[in-house]
Amino acid sequence: MTDTWNSADKFNREASQWDENPQRRAVALGVAHAIIAAVTPKKTMRALEFGCGTGLVSMEIAPLVKRLSAVDTSPEMLAVLQAKISRSGITNIETSCTNLSTSTESAFNEQQFELIYSSMTLHHIDDTAAFLNSISARLSPRGILALADLDLEDGLFHDDPLEKVHYGFDRRELAALLNGAGLQVTSFETIYTFNKTNRAGIIAPYPVFLVTATKTQPIIQK
Ligand SMILES: C[S@@+](CC[C@H](N)C(=O)[O-])C[C@H]1O[C@@H](n2cnc3c(N)ncnc32)[C@H](O)[C@@H]1O
């Protein structure tokens, strides 16, 4: 049972079997393809994924960008990714066990990224507005943010009733939070639908969106 917003223990326990779930692999591939189509990653880009887990999305994106920082709070999820990196010979991914929502002395505070993305992680972070502000500060001018997550759901998606999560996101509310963080929404699309037996034992559809947003230039008063 997970009754705090710090989910590292839960994901540490799940890490070794994470990739065995076909829906997880399918949604991650769907997210990767949707990001590639919406953003067109380039070999000049420094990219960051927060909540990278075992790297199901980032292993697809890495070959398309210059450098990729894969960040997660679960050492065991990162260990699975590190093993994949070693086997694949990919050399442009660096992994980091960092909580970007709380870390103040992180090396990432000094770095800027042309692309920041995540998949199914935002709903695990308590203060969405504060987190989007800190992510926006790490984007380079005109940098792109791409977030995939659940649309507003019935609260039955996660198996553990005590797990602290947001029950997905209302698109308008999330767009307003992105605007408040200095980001201009450029697209919002449904990219995948989980058909999942929920906590009530009913097979229900849970759509996943991808929102992309660009950092807006500060208005300079003359
Ligand atoms: C639902 S999993 C998704 C993993 C991966 N993106 C995928 O699609 O397979 C959420 C991931 O976010 C990580 N996470 C949760 N809170 C985090 C935070 N504050 N900062 C970074 N990672 C976090 C968890 O450890 C976990 O690996």
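1. Two residues are taken to be in contact if their C-beta atoms, placed from the backbone, lie within 7 Å. The model discussed here is predicted. With that cut-off, the cover over the buried residues of helix α2 includes α3 (58-61), β4 (113-119), β5 (139-150), β6 (183-197) and β7 (203-215).

2. Helix α2 comprises residues 22-39, 18 residues in number. From its first C-alpha to its last α2 reaches 25 Å, close to the 26 Å expected at 1.5 Å a residue. Its buried residues are Val 27, Ala 28, Val 31, Ala 32, Ala 34, Ile 35 and Val 39. Seen down the axis of α2, these buried residues fall within an arc of 170 degrees, so they line one face of the helix. The exposed residues Pro 22 and Ala 37 are carried by the face of α2 turned away from the buried side.

3. Two of the buried residues of α2, Val 31 and Ile 35, recur in the description of the core. The largest nonpolar core has 56 residues, and those with the most contacts inside it are Val 31, Ile 35, Leu 115 and Leu 145. Leaving aside neighbours within four places in sequence, Leu 115 is in contact with Val 39, Pro 41, Met 45, Ala 47, Val 65, Gly 143 and Ile 144. Among these partners, Val 39 is itself a buried residue of α2.

4. The backbone just after α2 deserves inspection. Thr 40 is not a glycine, yet has a positive phi of about 50 degrees. Thr 40 is placed in the loop between α2 and β1. Is Thr 40 buried or exposed? A residue is exposed if 12 or fewer other C-beta atoms lie within 10 Å of its own; Thr 40 has 11 C-beta neighbours inside 10 Å and therefore counts as exposed.

5. Met 120 may be read alongside Thr 40. Phi of Met 120 is near 60 degrees, again a positive value in a residue other than glycine. The position of Met 120 is the loop between β4 and α5. The threshold for a buried residue is 20 or more other C-beta atoms within 10 Å; because Met 120 has 21 C-beta neighbours inside 10 Å, Met 120 counts as buried.

6. The strands form an open sheet of seven, in the order β3-β2-β1-β4-β5-β7-β6, with mixed pairing. The edge strands are β3 (93-97) and β6, each of which pairs on one side only. From one strand to the next the twist averages 15 degrees. Helix α4 (residues 75-88) packs on the sheet, where α4 touches β2 and β3, and its direction makes about 165 degrees with that of β3. Helix α5 (residues 128-137) also packs on the sheet, touching β4, β5, β6 and β7; the direction of α5 makes about 140 degrees with that of β5.

7. Strand β1 (residues 46-50) is mostly covered, with four of its five residues buried. On one side, β1 pairs in the parallel sense with strand β2 (residues 67-72) over five bridges. The pairing of β1 with β4 is also parallel, over three bridges. Leu 48 illustrates both pairings: its bridge partner in β2 is Ser 69, and in β4 Leu 48 stands opposite Ile 116.

8. Antiparallel pairing is found further along the sheet. Strands β5 and β7 run antiparallel and are joined by seven bridges; Ala 148 stands opposite Leu 210 in β7. Strands β6 and β7 pair in the antiparallel sense over 13 bridges. In this pairing Tyr 192 has Val 208 of β7 as its bridge partner, and Thr 193 stands opposite Pro 207 in β7. The hairpin of β6 and β7 has five residues between the strands, and there Gly 201 takes a positive phi near 80 degrees.

9. Ser 140 offers a local check on strand β5, in which Ser 140 is found. How far apart are the C-alpha atoms of Ser 140 and Glu 114? They are separated by 5.4 Å, although the two residues are 26 residues apart along the chain. Not counting residues up to four places away in sequence, Ser 140 touches Gln 112, Phe 113 and Glu 114. With 15 C-beta neighbours inside 10 Å, Ser 140 counts as partly exposed.

How values were computed:
Residues are numbered from 1 along each chain as its sequence is written. This is a predicted model: local features need pLDDT of at least 70, side-chain atom pairs count only at pLDDT 80 or more; totals for chains, interfaces and linings use all residues. The expected span of a helix is 1.5 Å times one less than its number of residues. The arc is that of the directions from the helix axis to the C-beta atoms. Two strands pair if DSSP finds at least two bridges between them. A nonpolar core is a set of buried Ala, Val, Leu, Ile, Met, Phe, Trp, Tyr and Cys residues joined through C-beta atoms within 7 Å. Axes are lines fitted to C-alpha atoms, for helices over the stretch in contact, and angles run from 0 to 180 degrees between N-to-C directions.
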